[in-house]
Amino acid sequence: MSRPTSDDVELILKLYELRRDPEMRRARAYMLSEFSATSWEEVRPHYLTGDDLDRHFRMATSYWEMVAAFVNRDLLNEELFFDTHGEDIVVWRKIEPLVKEARKQIRPTWLWNLERLARRHLAWREQTYTTADQVIQAGSKPPSTKRRAK
């Protein structure tokens with residue numbers, strides 16, 4: 001993985017600013033704490049109606065789909081994103097049960113970027129958490145490298 005650039009940092013901060021928008025905050029809060037649909041049939045009657053469920057659902061999912069596209073297309077450093085985010089996984093886990101049926105009615109690639117990103121993010125966590133735990137247990141000091149005797 002390439003080293004993050006200042007452009008990556010700038011984009012992360014811009015994405016954070018977008019998340020601070022009052023309507024986006026409401027949408028995110030809804031998805032994280034109120035959204036409880038487990039099938040597309042529960043969401044479908046609301047989809048594209050403009051009601052609260054529809055607005056919040058579409059705003060949050062389209063935001064994370066957009067961010068995922070940036071990461072998937074290497075416009076944002078993946079490892080930096082994974083180090084600084086986790087909400088993408090939470091949103092994906094909440095909507096994953098309904099995506100297959102929704103794709104039949106919306107389009108086959110609906111939230112495809114988010115799905116791919118979330119799967120890689122989860123795999124990255126599995127790979128890095130063991131190392132992170134070891135570093136934390138060692139007092140957050142990186143492993144020492146022994147110098148060879150001359």
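The exercises below, each with a worked solution, concern helix packing, the nonpolar core and a few loop residues in a predicted model.

Residues are numbered from 1 along each chain as its sequence is written, and side-chain values use heavy atoms, with hydrogens and water left out. Because the model is predicted, local features need pLDDT of at least 70 and side-chain atom pairs count only at pLDDT 80 or more, whereas totals for chains, interfaces and linings use all residues.

**Exercise 1. Determine how H1 and H4 are oriented to each other, and which residues make the contact.**

Step 1. Helices are DSSP runs (H or I, at least four residues), numbered from the N terminus; helix H1 covers residues 6–19 and helix H4 covers 52–72.

Step 2. The axes of H1 and H4, which are lines fitted to C-alpha atoms over the stretch in contact, with angles from 0 to 180 degrees between N-to-C directions, come within 12 Å and cross at roughly 175°.

Step 3. H1 is therefore roughly antiparallel to H4, a label given to angles over 145 degrees, while those under 35 count as roughly parallel, 65 to 115 as roughly perpendicular and the rest as oblique.

Step 4. With contact defined as heavy atoms within 4.5 Å, H1 contributes Leu-11, Leu-15, Tyr-16, Leu-18 and Arg-19, and H4 contributes Tyr-63, Trp-64, Met-66, Val-67 and Phe-70.

Step 5. Sorted by class (Ala, Val, Leu, Ile, Met, Phe, Trp, Tyr, Cys and Pro are nonpolar, Asp, Glu, Lys and Arg charged, and the others, Gly among them, polar), this contact of H1 with H4 has 9 nonpolar, no polar and 1 charged residues.

**Exercise 2. Carry out the analysis for H2 and H4, giving their orientation and the classes of the contact residues.**

Step 1. The axes of H2 and H4 come within 8 Å and cross at roughly 95°, so the two helices are roughly perpendicular to each other.

Step 2. On the H2 side the contact involves Glu-23, Met-24, Arg-26, Ala-27, Tyr-30 and Met-31, which meet Leu-53, Arg-55, His-56, Phe-57, Met-59, Ala-60, Thr-61 and Tyr-63 in H4.

Step 3. The class count for H2 with H4 is 9 nonpolar, 2 polar and 3 charged residues.

**Exercise 3. Identify which residues of the largest nonpolar core touch the most other members, and which helix supplies its largest share.**

Step 1. A nonpolar core is a set of buried Ala, Val, Leu, Ile, Met, Phe, Trp, Tyr and Cys residues joined through side-chain atoms within 4.5 Å, where buried means under 20% relative accessible area, exposed over 50% and partly exposed in between, with a 1.4 Å probe and protein chains only.

Step 2. Of its 34 residues, Met-31, Phe-35, Val-43, Phe-57, Phe-81, Ile-95 and Leu-98 touch the most other members.

Step 3. At least two residues of this core come from each of H1, H2, H3, H4, H5, H6 and H7, and the largest share, 8 residues, comes from H4.

Step 4. Leaving aside neighbours within four places in sequence, Phe-81 is in contact with Ile-12, Trp-64, Val-67, Val-71, Leu-76, Asp-88, Leu-117 and His-121.

**Exercise 4. Establish whether Asp-54 is buried or exposed, and find the backbone nitrogen atoms that its side chain reaches.**

Step 1. Asp-54 lies in helix H4 and is buried, because its relative accessible area is 0%.

Step 2. Its side chain makes polar contacts, meaning pairs of N or O atoms within 3.5 Å in which, within protein, one must be able to donate a hydrogen and the other to accept it, residues adjacent in sequence counting only if both atoms are side-chain atoms; the partners are the backbone nitrogen of Leu-48 at 2.7 Å and that of Thr-49 at 3.5 Å.

Step 3. Leu-48, in the loop between H3 and H4, is exposed, with a relative accessible area of 58%, and has a positive phi of about 65° although it is not a glycine.

Step 4. Most residues other than glycine have a negative phi.

**Exercise 5. Describe the surroundings of Asn-77 and Arg-3.**

Step 1. Asn-77, in the loop between H4 and H5, counts as buried because its relative accessibility is 5%.

Step 2. A polar atom of the Asn-77 side chain lies 3.1 Å from the backbone nitrogen of Glu-79.

Step 3. Arg-3, in the segment before H1, counts as exposed at 74% relative accessibility, and its contacts, apart from neighbours within four places in sequence, are with Asp-8 and Asn-77.

Step 4. Arg-3 and Glu-79 are 76 residues apart in sequence, with 8.8 Å between their C-alpha atoms.
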